[in-house]
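Biologist: Could you take me through one part of this model up close? Pick a spot, stay with it for a while, then work outwards from there.

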Amino acid sequence: MEREQYLLALAEALQTQKIDNVPELIAAYESHFAIKHEDGYSDAEIIAHLRDPNEVAAQCNAMQSGETAKKIGIGAALLLSLLDILMALVLVVLVAWFLTMAIAIVCCLIAGFSLVIHSQIGGLIPYMPYIAALLTGLACLALSMVLVAGTLYYYAYAMHLGKAYIDWHQKQLFGSAYPPATFRPPMQPKRRRLLRRFFLLSLLAFIFLSALAGLSIAVSSRFVAPWEAWHWF
């Protein structure tokens, strides 16, 4: 069986069972196939790890009619509760790191623009000759773009992790008709390519501008430590 045949059989089975969210389910399986194809899996290998379309439709029907609640023991319930607490702590760390990245982006943007216009913001940014300041500012702006791309990647992975855990949790309690979670978050190929290209170009610009800024600072300070040459302290 190939991808098109599996999806067609799944759509027919879901419609036979009169499932409400057929387009959403089909889209989830299409996304699963797309991600696995990018990872090098063939249709046969992907389908081998998926359930039969009729089983998926039967599971959807049972969930739709409210007949899927599982009886779990006290030990399993305690384990799920502990995992929920652990996941809540992980979520706090993920949010804290996201805020840290956002603050770093804002700081790089402020420092970069200030250096480009040769402003010291009340003495917060140390003096340096304009060419060195310009190149350093451009390097800071490029670094902020690197951080933006990295933050977007991070956000996509964090959201995917949260969704995967919620799906797994519901599966333990009620079962699930959705395909298994993939390691990489679902993202349109064009958007993924654009984001990767943006990240690489920003990283190359940061490396190039940082090298030029370092060389300019060294020449301008006559190869003396800049904090000594320009009396930063």
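Modeller: Let's start at R3, which is partly exposed, with a relative accessible area of 21%. Keep in mind that this is a predicted model. That 21% sits above the 20% under which a residue would be called buried, so R3 lands in the partly exposed class. Its partner is E4: the two form a salt bridge, and the closest N and O atoms are 3.5 Å apart. E4 is partly exposed as well, at 48% relative accessibility. As for salt bridges in total, the count comes to 1.

Now stay in this stretch and look at α1, which covers 3-16. Helix α1 also feeds the largest nonpolar core, a set of 18 residues, and with 6 residues it gives the largest share. The other helices that each supply at least two residues include α2 (22-38), α3 (43-48) and α4 (53-64). Which members touch the most others? Those are Y6, L10, L14, Y29 and F33. Y6 is a nice one to click on: leaving out residues up to four places away in sequence, Y6 touches M1, Y29, F33, I47, L50, R51, P53 and V56. In soluble globular proteins, nonpolar side chains tend to be buried together. There is also a second, separate core of 8 residues, and among them are L115, M128, A133 and W230.

For contrast, go to the outside. L82, I85, L86, L89, V90 and L161 make a nonpolar surface patch of about 550 Å². Helix α5 (residues 74-116) gives the most to this patch, 5 residues. An α-helix has 3.6 residues a turn, so residues three or four places apart point the same way. Take L89, which belongs to α5: L89 has 54% relative accessibility and counts as exposed, because the cut-off for that class is over 50%.

Last stop, helix α7. This helix runs over residues 189-220, and at 1.5 Å a residue its 32 residues should span 46 Å; the end C-alpha atoms are 46 Å apart, so the expected and modelled spans agree. Which residues of α7 are buried? R192, L195, S202, L209, A213, S216 and I217 are, so an arginine and two serines sit in that list beside nonpolar residues. After α7 comes R222, where phi is positive, near 60°.

Notes. Residues numbered from 1 in each chain as written. Predicted model: local features only at pLDDT ≥ 70, side-chain atom pairs only at ≥ 80, totals over all residues. Heavy atoms only, no water. Helix = DSSP H or I, 4+ residues; strand = E, 2+ residues; numbered from the N terminus. Expected span 1.5 Å × (residues − 1). Buried < 20%, exposed > 50% of the residue type's maximum accessible area, 1.4 Å probe, protein only. Core = buried A, V, L, I, M, F, W, Y, C linked by side-chain atoms within 4.5 Å. Contact = heavy atoms within 4.5 Å. Salt bridge = Lys/Arg side-chain N within 4 Å of Asp/Glu carboxyl O. Patch = residues over 30% accessible without salt bridge, like charges linked within 9 Å, V, L, I, M, F, W, Y side chains within 5 Å. Areas by Shrake-Rupley, 256 points an atom, 1.4 Å probe, with all protein chains shown as cover.
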